[in-house]
Amino acid sequence: MLKKLLTASLLLISSSLLKAQQNVGIGTLTPSTDAILDLSSTTKGLLAPRVTSAERIAMAAASNGLFVYDTDQNKFFYWNAT
């Protein structure tokens with residue numbers, strides 16, 4: 001009986017922990033519930049992946065929403081359905 005109670009308790013705790021990992025906060029202890037990643041800083045920024053134009057063009061089958069910085073053109077690019 002004790003073994004079943006312990007197993008049930010561990011399963012309940014495990015499922016609670018899994019639900020708690022719905023979003024991640026960096027620089028904050030309370031990430032926004034509507035964001036999967038919440039970055040917060042007053043002294044640092046987000047550094048996007050940097051690629052050359054040739055590398056960006058080679059990503060022909062990129063996922064919608066993929067975001068990169070083209071170092072040859074000094075511009076940000078993102079992919080959409082069109």
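**Exercise 1. In this predicted model, determine which residue of β5 stands opposite V68, and describe the pairing around that position.**

*Solution.* Step 1: V68 stands opposite F77 in β5. Step 2: a further facing pair between these strands is D70 and K75. Step 3: these positions belong to the pairing of β4, residues 67-70, with β5, residues 75-78, which is antiparallel and extends over 4 bridges.

**Exercise 2. Establish the strand order of the sheet that contains β4, and state which strands lie at its edges.**

*Solution.* Step 1: the sheet is open and has 3 strands, in the order β3-β4-β5, with mixed pairing. Step 2: the edges are formed by β3 (50-51) and β5, each of which pairs on one side only. Step 3: β3 and β4 run parallel and are joined by 2 bridges; here R50 stands opposite Y69 in β4. Step 4: the β4 and β5 pairing, by contrast, is antiparallel. In general, strands of a sheet pair through backbone hydrogen bonds, in either a parallel or an antiparallel sense.

**Exercise 3. Assign the residues of β4 to its covered and uncovered faces.**

*Solution.* Step 1: V68 and D70 make up the covered face of β4. Step 2: F67 and Y69 make up the uncovered face. Step 3: the side chains of a regular strand alternate between the two faces of the sheet.

**Exercise 4. Identify what is notable about the backbone of N74, and locate this residue.**

*Solution.* Step 1: N74 is not a glycine, yet has a positive phi of about 55 degrees. Step 2: most residues other than glycine have a negative phi. Step 3: N74 is placed in the loop between β4 and β5, and the hairpin of these strands has 4 residues between them. Step 4: N74 counts as exposed because its relative accessible area is 54%, and the class requires over 50%.

**Exercise 5. Specify which residues make the nonpolar surface patch, and which strands contribute to it.**

*Solution.* Step 1: the patch is made by V24, I26, I36, L37, L39 and L46, and its area is about 610 Å². Step 2: β1 (24-26) and β2 (37-39) each supply at least two of its residues. Step 3: V24 is located in strand β1. With a relative accessible area of 40%, V24 is partly exposed; membership of a patch requires over 30%.

**Exercise 6. Characterise the surroundings of D38: is this residue buried or exposed, and what does it touch?**

*Solution.* Step 1: D38 is found in strand β2. Step 2: D38 is buried and has no salt bridge. Step 3: K44 is the nearest side chain of opposite charge, 16 Å away, whereas a salt bridge requires a distance within 4 Å. Step 4: leaving aside residues up to four places away in sequence, D38 touches V24, G25, I26, T28, T30, P31 and S32. Among these contacts, V24 and I26 also belong to the nonpolar patch.

**Exercise 7. Locate A61, and relate its position in space to that of W79.**

*Solution.* Step 1: A61 is in the loop between α2 (53-57) and β4. Step 2: A61 is exposed, because its relative accessible area is 79%. Step 3: A61 and W79 are 18 residues apart in sequence, and their C-alpha atoms are 9.5 Å apart in space.

Note on methods:
Residues are numbered from 1 along each chain as its sequence is written. This is a predicted model: local features need pLDDT of at least 70, side-chain atom pairs count only at pLDDT 80 or more; totals for chains, interfaces and linings use all residues. Side-chain values use heavy atoms; hydrogens and water are left out. Patches are made of residues with over 30% relative accessible area and no salt bridge: like charges are joined within 9 Å, nonpolar side chains (Val, Leu, Ile, Met, Phe, Trp, Tyr) within 5 Å. Accessible areas come from the Shrake-Rupley method with a 1.4 Å probe; for residues, only the protein chains shown count as cover. Buried means under 20% relative accessible area, exposed over 50%, partly exposed in between (1.4 Å probe, protein chains only). Two strands pair if DSSP finds at least two bridges between them. Lys and Arg count as positive and Asp and Glu as negative; His and the chain ends are not counted. Contact means heavy atoms within 4.5 Å.
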